[in-house]
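Q: Please take a close look at one part of this structure and describe how it is packed and what surrounds it. Start with the question of covalent cross-links, then work through the chosen part and its neighbours.

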Amino acid sequence: CEGARVEGIGHQPSLVGGFSFSTYAGGRRGVLPEALMWLPAAQLIEVPGATPALTLNAWVEPTTDCAGAVRLAEQSARAILVGSATCGGAPSAVTALEDTTSLQDWKMLLSKVSDAIDEGMFEKVVLARQLKARFDWPFRVAPMLATLVDTHDTGAVFGAQFGDRWFVGKTPECLLHLHGGHAETHGLAGTAPRDPNPVRDAEFAHLLQTHPRLVREHTIVAEFVQRTLSQFFADVRTDVDQPVLKLAEIQHRQTGITAAQPIEPVDLLRLAGMLHPTPAVG
């Protein structure tokens with residue numbers, strides 16, 4: 001951004017990227033690289049209460065065909081505003097689901113994890129399953145993204161295209177906000193369902209704050225984030241004014257965490273590398 005030339009009402013360029021949890025010992029799995037960052041040719045920024053801003057970006061080097069770079073940015077802008085990026089139409093329907101892990105393998109994994117916890121190897125473990133879905137026609141990304149945005153007003157919804165593949169998801173967890181020498185994040189762990197009955201919903205929220213297992217699960221995550229930030233900041237504080245984060249289907253226990261007074265110059269990617277993945281998902 002230091003060398004960026006910004007004209008008109010455009011915004012500073014934003015890099016978009018992602019990183020895997022770790023390097024797989026057995027080689028790559030899937031089609032995405034373990035790390036990928038890119039500069040969007042066109043970015044549309046919408047902030048509530050403000051006029052949406054469309055910014056066109058081009059990476060210019062001594063040998064760059066500037067006219068060609070402008071044409072590419074214009075094409076990307078049209079793709080955002082019309083055609084493939086529109087959200088009309090119904091989403092694709094699931095016709096079949098396949099669990100890639102057998103019941104026997106899942107039970108064996110649970111047994112290994114339980115033994116490892118009993119032996120003191122881990123404090124907290126998150127197990128994940130993978131489902132393969134088949135749809136009635138070629139999958140439509142835009143309607144699904146629109147649905148996720150409409151039904152989840154907290155957190156981040158993302159969709160990144162890589163070749164002919166898409167990586168799509170949503171998360172309520174914010175790993176890190178860094179503003180100069182001030183950092184903001186939260187510990188997010190401990191889960192309970194939502195209930196349309198306000199009384200039952202409040203009971204689930206109370207359970208998140210009192211059940212020993214859920215409290216311990218959350219404490220592990222919050223303390224990890226605090227310890228990590230304390231390596232870089234002299235002033236790390238917690239905020240429990242909003243102890244429960246309520247989402248559409250579930251609710252989580254949360255602790256807000258802020259950090260100030262850097263001990264040394266702070267770097268966003270270095271901090272993210274230290275925090276990612278938190279014990280909430282790792």
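A: The predicted model holds 0 disulfides. A disulfide is a covalent bond between the sulfur atoms of two cysteines. Cys66 is partly exposed, at 42% relative accessibility, and Cys174 is also classed as partly exposed, at 24%. The lower limit for that class is 20%, so Cys174 at 24% does not count as buried.

The chain as a whole sets the scene. Its 282 residues include 23% that are buried, and its secondary structure consists of 6 helices and 13 strands. The C-alpha trace spans about 65 × 55 × 45 Å along the principal axes. Of the contacts in the chain with a separation of 6 or more, 63% are between residues 24 or more positions apart.

The part chosen here is helix H5. H5 covers residues 212–230, which is 19 residues. From its first C-alpha to its last the helix reaches 26 Å, close to the 27 Å expected at 1.5 Å a residue. Its buried residues are Leu214, His218, Ile220, Val221, Ala222, Phe224, Val225, Thr228 and Leu229. An α-helix has 3.6 residues a turn, so residues three or four places apart point the same way. Pairs such as Leu214 and His218, or Val221 and Val225, are in the buried set of H5. The elements covering these buried residues include strands E10 (182–193), E11 (233–239) and E13 (250–262), together with helices H4 (198–210) and H6 (268–275).

Several of the buried residues of the helix belong to a nonpolar core. The largest such core has 11 residues: Leu176, Ala183, Phe224, Val225, Leu229, Phe232, Phe233, Ile257, Ala259, Leu271 and Leu275. H5, E13 and H6 are the elements that give two or more residues to this core. The most comes from H5, with 3 residues. Apart from this core lies another, of 6 residues, with Ala192, Phe204, Ala205 and Leu214 among them. In soluble globular proteins, nonpolar side chains tend to be buried together.

Phe224 is one of the members of the largest core, and the residue lies in H5. Its relative accessibility is 19%, and because the cut-off for buried is under 20%, Phe224 counts as buried. Leaving aside neighbours within four places in sequence, Phe224 is in contact with Met274, Leu275, Thr278 and Pro279. Val236 follows Phe224 by 12 residues along the chain, and their C-alpha atoms are separated by 12 Å.

Seen from the other side of that contact, Leu275 touches Leu175, Leu176, Phe224, Val225, Thr228 and Leu229, again not counting residues up to four places away in sequence. Phe224, Val225, Thr228 and Leu229 are also in the list of buried residues of H5. Past Leu275, a cis peptide bond with omega of about -5° joins His276 and Pro277. Pro277 belongs to the segment after H6.

A polar link is found at another point of the helix. The side chains of His218 and Thr255 are joined by a polar contact of 2.7 Å. His218 is among the buried residues of H5, while Thr255 is found in strand E13. Thr255 is buried as well, because its relative accessible area is 8%, under the 20% cut-off. Beyond four places in sequence, the contacts of Thr255 are with Thr185, His186, Gly187, His218, Ala222, Thr238, Asp239 and Val240. Ala222, like His218, is a buried residue of H5.

Strand E13 also has a backbone feature worth noting. Gln261 is located in E13, and its phi is positive, about 60°, although the residue is not a glycine. Most residues other than glycine have a negative phi, and most peptide bonds are trans.

For contrast, a hairpin elsewhere in the chain also has a positive phi. Strands E7 (residues 156–162) and E8 (residues 165–171) run antiparallel and are joined by 7 bridges. Phe162 stands opposite Arg165 in E8. There are 2 residues between the strands of this hairpin, and Gly163 takes a positive phi near 65°.

Key:
Residues are numbered from 1 along each chain as its sequence is written. This is a predicted model: local features need pLDDT of at least 70, side-chain atom pairs count only at pLDDT 80 or more; totals for chains, interfaces and linings use all residues. Side-chain values use heavy atoms; hydrogens and water are left out. Helices (H or I, at least four residues) and strands (E, at least two) are DSSP runs, numbered from the N terminus. The expected span of a helix is 1.5 Å times one less than its number of residues. Buried means under 20% relative accessible area, exposed over 50%, partly exposed in between (1.4 Å probe, protein chains only). Contact means heavy atoms within 4.5 Å. Two strands pair if DSSP finds at least two bridges between them. A nonpolar core is a set of buried Ala, Val, Leu, Ile, Met, Phe, Trp, Tyr and Cys residues joined through side-chain atoms within 4.5 Å. A polar contact is a pair of N or O atoms within 3.5 Å; within protein, one must be able to donate a hydrogen and the other to accept it, and residues adjacent in sequence count only if both atoms are side-chain atoms. A disulfide is a pair of cysteine sulfur atoms within 2.5 Å.
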